[in-house]
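Take a moment with the model before reading on. We will go from single contacts to the whole fold, one step at a time.

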Amino acid sequence: MAKAKLLRSTDVFLRGGWRVVIQIWELPTVRPGHRRVRYRLSLISPSGDRVIGYDNHHPKGDHRHFRDIEEKYDYKDAETLIRDFFRDVDLLLSDEEGP
């Protein structure tokens with residue numbers, strides 16, 4: 001059985017102790033109704049809590065976590081996924097820093 005191919009793996013520490021983790025894989029085979037890309041993007045707070053997350057694990061499929069809210073995510077492509085994730089990161093971090 002072929003393994004998933006890691007397309008991107010990023011683990012970056014931001015100022016203030018925040019951390020961004022991005023992992024995107026290409027799956028060699030997919031079941032009907034599933035996508036060929038598996039992903040997990042997270043913003044981790046300085047205390048170690050995940051405050052933003054985008055992932056598509058089974059059985060939930062594509063979804064997004066923002067603070068304490070979980071909702072369906074409309075996946076289009078990897079570029080849009082990363083852009084949407086960093087939009088949320090910028091929004092949350094600007095709220096944390098305040099005026």
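Two residues are in contact when heavy atoms of theirs lie within 4.5 Å. Keep that cut-off in mind, and start with tyrosine 54. Setting aside neighbours within four places in sequence, tyrosine 54 is in contact with Tyr39, Arg40, Leu41, His63, Arg64, Tyr73, Leu81, Asp84, Phe85, Arg87 and Asp88. Remember Tyr39 and Arg40 from that list. They will come back.

Now step back to the whole chain. This is a predicted model. The protein has six strands and one helix. Along the sequence the pattern reads β-β-β-β-β-β-α. The C-alpha atoms fill a box of roughly 50 × 25 × 20 Å along the principal axes. Of the 99 residues, 38% are buried. The protein exposes about 6,700 Å². Carbon and sulfur atoms supply 52% of that area.

Next, the sheet. How are the six strands ordered? They form an open sheet in the order E1-E2-E3-E4-E5-E6, and the pairing is antiparallel. Strand E1 (5–13) and strand E6 (69–72) stand at the edges. Each has a single partner strand, so one side of each is left without a neighbour in the sheet. From one strand to the next, the twist averages 10 degrees.

Look closely at one edge. E1 and E2 run antiparallel, and eight bridges join them. The two strands form a hairpin, with five residues between them. In the turn sits glycine 16, with a positive phi of about 80 degrees. Two pairs show how the strands line up. Serine 9 has glutamine 23 in E2 as its bridge partner. Aspartate 11 stands opposite valine 21 in E2.

Follow glutamine 23 further. It lies in strand E2, which covers residues 19–26. Which residues does glutamine 23 touch, beyond those up to four places away in sequence? They are Arg8, Ser9, Arg38, Tyr39 and Arg40. With Arg40 there is also a polar contact: the side chains of glutamine 23 and arginine 40 are joined at 2.4 Å. In a regular strand, side chains alternate between the two faces of the sheet.

Where do the nonpolar residues gather? The largest nonpolar core has 20 residues. Those with the most contacts inside this core are Tyr39, Leu41, Leu43, Ile52, Tyr54, Phe85 and Leu92. So much for the members; now the suppliers. E2, strand E3 (37–44), strand E4 (50–55) and helix H1 (78–97) each supply at least two residues of the core. H1 gives the most, with six residues. Tyr54 and Phe85, both on the list of core residues with the most contacts, also touch one another.

One more tyrosine is worth a visit. Tyrosine 75 sits in the loop between E6 and H1. Is this loop residue buried or exposed? Its relative accessibility is 12%, so tyrosine 75 counts as buried. Leaving aside neighbours within four places in sequence, tyrosine 75 contacts Arg35, Val37, Tyr39, Asp62 and Leu81. Its side chain also reaches the backbone nitrogen of alanine 78, at 3.2 Å. Aspartate 95 is 20 residues along the chain from tyrosine 75, and their C-alpha atoms are separated by 25 Å.

Finish with the contacts of the whole protein. Take those with a separation of 6 or more. Residues 24 or more positions apart account for 36% of them. Tyr39 ties several parts of this tour together: it is in contact with tyrosine 54, glutamine 23 and tyrosine 75.

How values were computed: Residues numbered from 1 in each chain as written. Predicted model: local features only at pLDDT ≥ 70, side-chain atom pairs only at ≥ 80, totals over all residues. Heavy atoms only, no water. Helix = DSSP H or I, 4+ residues; strand = E, 2+ residues; numbered from the N terminus. Polar contact = N/O pair within 3.5 Å; in protein donor to acceptor, adjacent residues only side chain to side chain. Pairing = 2+ DSSP bridges. Axes fitted to C-alpha atoms, helices over the stretch in contact; angles between N-to-C directions. Core = buried A, V, L, I, M, F, W, Y, C linked by side-chain atoms within 4.5 Å. Buried < 20%, exposed > 50% of the residue type's maximum accessible area, 1.4 Å probe, protein only. Areas by Shrake-Rupley, 256 points an atom, 1.4 Å probe, with all protein chains shown as cover.
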